[in-house]
Amino acid sequence: MAKPVALVTGASAGIGYELAKVFAENGYDLIVSARREERLQQLAEDVGSLCSVDIVVADLGKARGPATLLEAVAKLGKPIDVLVNNAGIAASGPFQSLKRSQVKSILQVNIRALTELTYELLPDMIARESGKILNVASVVSFQPVPGMSLYAASKAFVLSFTESLSEDLKGSGVTSTALCPGPTRTEMVADIKNMELAGPFMSDARQVAQEGFRACMGGEVVRIPGLMNQAMVTWSQYQPRWLVRFLSGLAARNSFNSVNMGQTKASMPE
Ligand SMILES: NC(=O)c1ccc[n+]([C@@H]2O[C@H](COP(=O)([O-])OP(=O)(O)OC[C@H]3O[C@@H](n4cnc5c(N)ncnc54)[C@H](OP(=O)(O)O)[C@@H]3O)[C@@H](O)[C@H]2O)c1
């Protein structure tokens, strides 16, 4: 019997790398995608004894990136059982200080690519009355974050889209799940300024991936890994918005020196 197939974007590092491993450990074949081929080869070596791994190098920051990935997936001829939209990038600093290329890349990777991949792969899942979409959002999906405004807004999009989609898909046999991690030890947040402040909220990428897998398999709509993160999100929903945006900006500025946006580092504002 053919194994089910999970397509994981951003599988070359961090949460995506761990998600791919967790799917492999749970009986899935993999199609993994990112820009760094050597990292994907390493992943294929790590899980090669468990499952088959197809590698697709695609830059989702380019307008044609999603189409490149979808064409390669179509050539493989394997139906996708789970789409994991994990690839994401961040930039920090006041919005007006971001480079035009950063703005375009965040919109393209975090919103456009995720939406296009979902739109194009859904019809086949619906026709087969079976499938799962796992979108990686964030705790910042729930609140504005001054100093990371575009990133937080892009993750608010992911959460809102995924929740609405889950209702649109009711009765279709297809589910959609938003995984909303708090700060997680990956390349994206490697440069921590204040460990005492950030430490209690920091998660491990593997634990986040395991929670994401379980939530996806259970058809949960929203999963926030970690008690501290759940408490913070719940607390913030009962506070005035001026207080939430003031505190989230303060926390972001004082927790990290920079966030890693692919190859470039963006400094946090003082
Ligand atoms: N770390 C956190 O604190 C945290 C918290 C909440 C949510 N998240 C979300 O979790 C997801 C994974 O983040 P992470 O922390 O694991 O980050 P990461 O370690 O920086 O990994 C990001 C992944 O996305 C891929 N990617 C980036 N730009 C791409 C592009 N243009 N085209 C294709 N792939 C691209 C990267 O691969 P290549 O560079 O090889 O292309 C890499 O595999 C993101 O959606 C992020 O927003 C992270």
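Biologist: How many of the 270 residues of the protein chain count as buried, as a percentage?

Modeller: In this predicted model, 44% of the 270 residues of the protein chain count as buried. A residue is called buried if 20 or more other C-beta atoms lie within 10 Å of its own.

Biologist: What radius of gyration does the protein chain have, and what would a compact globule have?

Modeller: The expected value depends on chain length. For 270 residues a compact globule would be near 18 Å, and the protein chain has 18 Å, so the two agree. Along the principal axes, the C-alpha atoms fill a box of roughly 55 × 40 × 30 Å.

Biologist: Which elements make up the chain, and what share of its contacts joins residues 24 or more positions apart?

Modeller: The protein chain contains nine helices and nine strands. Among contacts with a separation of 6 or more, 66% are between residues 24 or more positions apart.

Biologist: Where on helix α2 do the buried residues fall?

Modeller: One looks down the helix axis and asks how wide an arc the buried residues span. Helix α2 covers residues 37-47, and its buried residues are L40, L43 and V47. Seen down the axis, these fall within an arc of 55°, so they line one face of the helix.

Biologist: What covers that face, and which exposed residues does the face turned away from it carry?

Modeller: The cover over the buried residues of α2 includes α1 (14-25), β2 (29-34) and β3 (53-57). On the face turned away from the buried side are the exposed residues E38, Q42 and E45.

Biologist: How do the axes of helices α4 and α5 cross?

Modeller: One considers both the approach of the axes and the angle between them. The axes of α4 (residues 100-128) and α5 (residues 149-168) come within 10 Å and cross at roughly 10°. Angles under 35 degrees count as roughly parallel, and α4 is therefore roughly parallel to α5.

Biologist: Which residues make the contact, and how do they divide by polarity?

Modeller: Helix α4 contributes V103, I106, N110, I111 and L114, while α5 contributes L150, Y151, S154, F157 and V158. Of the residues in this contact, eight are nonpolar, two are polar and none is charged.

Biologist: Where is E129 found, and is this residue buried or exposed?

Modeller: E129 lies in the loop between α4 and β5 (131-136). E129 counts as exposed because it has 10 C-beta neighbours inside 10 Å; the cut-off for exposed is 12 or fewer.

Biologist: What is phi of E129?

Modeller: Phi of E129 is near 55°, a positive value in a residue other than glycine.

Key:
Residues are numbered from 1 along each chain as its sequence is written. This is a predicted model: local features need pLDDT of at least 70, side-chain atom pairs count only at pLDDT 80 or more; totals for chains, interfaces and linings use all residues. Helices (H or I, at least four residues) and strands (E, at least two) are DSSP runs, numbered from the N terminus. The radius of gyration is taken over C-alpha atoms; the globule rule is 2.2 Å times the number of residues to the power 0.38. Two residues are in contact if their C-beta atoms, placed from the backbone, lie within 7 Å. Axes are lines fitted to C-alpha atoms, for helices over the stretch in contact, and angles run from 0 to 180 degrees between N-to-C directions. Angles under 35 degrees count as roughly parallel, over 145 as roughly antiparallel, 65 to 115 as roughly perpendicular and the rest as oblique. Ala, Val, Leu, Ile, Met, Phe, Trp, Tyr, Cys and Pro count as nonpolar, Asp, Glu, Lys and Arg as charged, and the others, Gly among them, as polar. The arc is that of the directions from the helix axis to the C-beta atoms.
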